[in-house]
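Subject: Structure for you to look through

Dear colleague,

Here is the structure I promised to pass on, with the sequence alongside. Please open it first and keep it in view while you read the notes that follow.

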Amino acid sequence: MRLWNVARKLTGNRYLQAVLGIIILSSVLAAAYAGFHTPKDLAMAESVEIGGFRLFMTQREIEEMAGKSDPIPSAATCMGCGPEFLYTKLQIAGRYSETLDRDNPKVKRLVFSDEAYEAFGVRPGMTMEEAASRLERQGFEQHPDEPGERYPLYYGLNNMYVRLSTSRELSPIRRTPSSDREPGDIVGTIVLEYRVRGDENIQY
């Protein structure tokens with residue numbers, strides 16, 4: 001408000017006031033957006049490549065590369081949930097964002113279970129302990145299990161999240177609570193997800 005009052009004093013012209021107001025509002029929105037999606041976050045997400053699949057690829061690009069998605073198991077879907085994709089032979093699945101581009105959805109989540117694929121130094125087939133240690137050395141922090149929920153090991157770094165599961169199923173993702181995990185457990189599936197805050201406001 002103080003900046004706006006200064007602007008009013010400097011510009012008696014209503015047109016100039018309106019233009020300056022738009023500039024100020026745009027700057028505020030840009031700063032807010034940058035706080036959610038920093039260049040470092042985006043660079044981290046864009047560095048991920050799993051069997052040719054990348055975060056932020058469009059649905060059109062995915063289908064041109066891999067064809068139409070396999071049918072999604074009914075247990076993995078719900079009324080109003082975001083669009084998912086599954087390529088069983090490639091051992092890759094994922095989900096598109098509902099707000100990044102409504103006309104041509106972009107990938108916000110990748111799920112993989114093939115030991116040939118790796119992201120952030122972790123891959124299926126290694127122990128949970130080794131995978132967790134590698135993520136922590138890069139700055140990822142473990143999120144605790146929520147009471148009553150069955151979450152896999154869940155690590156976050158800014159807007160980038162990695163989840164580790166002992167299951168080999170791509171869809172639905174099997175979630176193993178801490179109480180059921182044992183030393184030496186092997187990573188079966190890895191979930192990579194970029195947090196899209198706009199999707200969090202959608203009411204299903």
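**The strands around strand 5**

Strand 4 (residues 141–143) and strand 5 run antiparallel and are joined by 3 bridges, and within this pairing Gln-142 stands opposite Tyr-155 of strand 5. Please bear in mind throughout that this is a predicted model. Strand 5 also pairs with strand 6, again in an antiparallel arrangement, this time through 5 bridges, and here Leu-153 has Leu-164 in strand 6 as its bridge partner. The hairpin formed by strand 5 and strand 6 has 2 residues between the strands, and in this hairpin Asn-158 takes a positive phi near 55 degrees. As for cover, strand 5, which spans residues 153–157, is mostly shielded, with 4 of its 5 residues buried.

**The chain as a whole**

The chain contains 6 helices and 7 strands, and read from the N terminus its elements follow the order α-α-α-α-β-β-β-α-β-β-β-β-α. Of its 204 residues, 39% are buried, and the accessible surface comes to about 11,800 Å², with 52% of that area belonging to carbon and sulfur atoms. If one takes the contacts between residues at least 6 apart in sequence, 56% of them join residues at least 24 apart.

On confidence, the mean pLDDT of the chain is 77, and 66% of the residues reach 70 or more. Over residues 23–35 the pLDDT falls below 50, and this stretch has 2 contacts in the model beyond near neighbours in sequence.

**Salt bridges**

Side chains of opposite charge can pair when their charged atoms come close. How many salt bridges does a search of the whole structure find? The search finds 6, and I describe some of them here.

One of them is formed by Lys-108 and Asp-199, whose closest N and O atoms are 3.0 Å apart. This pair links distant parts of the chain, since Lys-108 belongs to strand 3 (residues 107–112) and Asp-199 to helix 6 (residues 197–200), with their positions 91 residues apart in sequence. Both Lys-108 and Asp-199 are buried.

Another salt bridge runs between Glu-193 and Arg-109, with the closest N and O atoms 2.9 Å apart. Here too distant parts of the chain are linked, Glu-193 lying in strand 7 (residues 189–194) and Arg-109 in strand 3, 84 residues apart. Glu-193 also meets the side chain of Arg-163 in a salt bridge, at 3.4 Å from N to O. Because Arg-163 lies in strand 6 (residues 160–165) and Glu-193 in strand 7, this pair ties together parts that are 30 residues apart in sequence. Arg-109, Arg-163 and Glu-193 are thus linked in a network of salt bridges.

Are the members of this network buried or exposed? Glu-193 has a relative accessible area of 15%, and therefore counts as buried under the 20% cut-off. Arg-109, at 12%, is buried as well, and so is Arg-163, at 8%.

**Two buried polar residues in loops**

Asn-104 lies in the loop between strand 2 (92–96) and strand 3, and with a relative accessible area of 10% this residue is buried. What does Asn-104 touch, if residues up to four places away in sequence are not counted? The answer is Thr-58, Gln-59 and Arg-60. With Thr-58, the side chain of Asn-104 makes a side-chain to side-chain polar contact of 3.3 Å, while the backbone nitrogen of Arg-60 is reached by the side chain of Asn-104 at 3.3 Å.

Ser-167, for its part, is placed in the loop between strand 6 and strand 7, and at 13% relative accessibility Ser-167 counts as buried. A polar atom of the Ser-167 side chain lies 3.0 Å from the backbone nitrogen of Glu-169.

With best wishes

Note on methods: Residues are numbered from 1 along each chain as its sequence is written. This is a predicted model: local features need pLDDT of at least 70, side-chain atom pairs count only at pLDDT 80 or more; totals for chains, interfaces and linings use all residues. Side-chain values use heavy atoms; hydrogens and water are left out. A salt bridge is a side-chain nitrogen of Lys or Arg within 4 Å of a carboxyl oxygen of Asp or Glu. Buried means under 20% relative accessible area, exposed over 50%, partly exposed in between (1.4 Å probe, protein chains only). Two strands pair if DSSP finds at least two bridges between them. A polar contact is a pair of N or O atoms within 3.5 Å; within protein, one must be able to donate a hydrogen and the other to accept it, and residues adjacent in sequence count only if both atoms are side-chain atoms. pLDDT is the predictor's confidence in each residue, from 0 to 100. Contact means heavy atoms within 4.5 Å. Accessible areas come from the Shrake-Rupley method with a 1.4 Å probe; for residues, only the protein chains shown count as cover.
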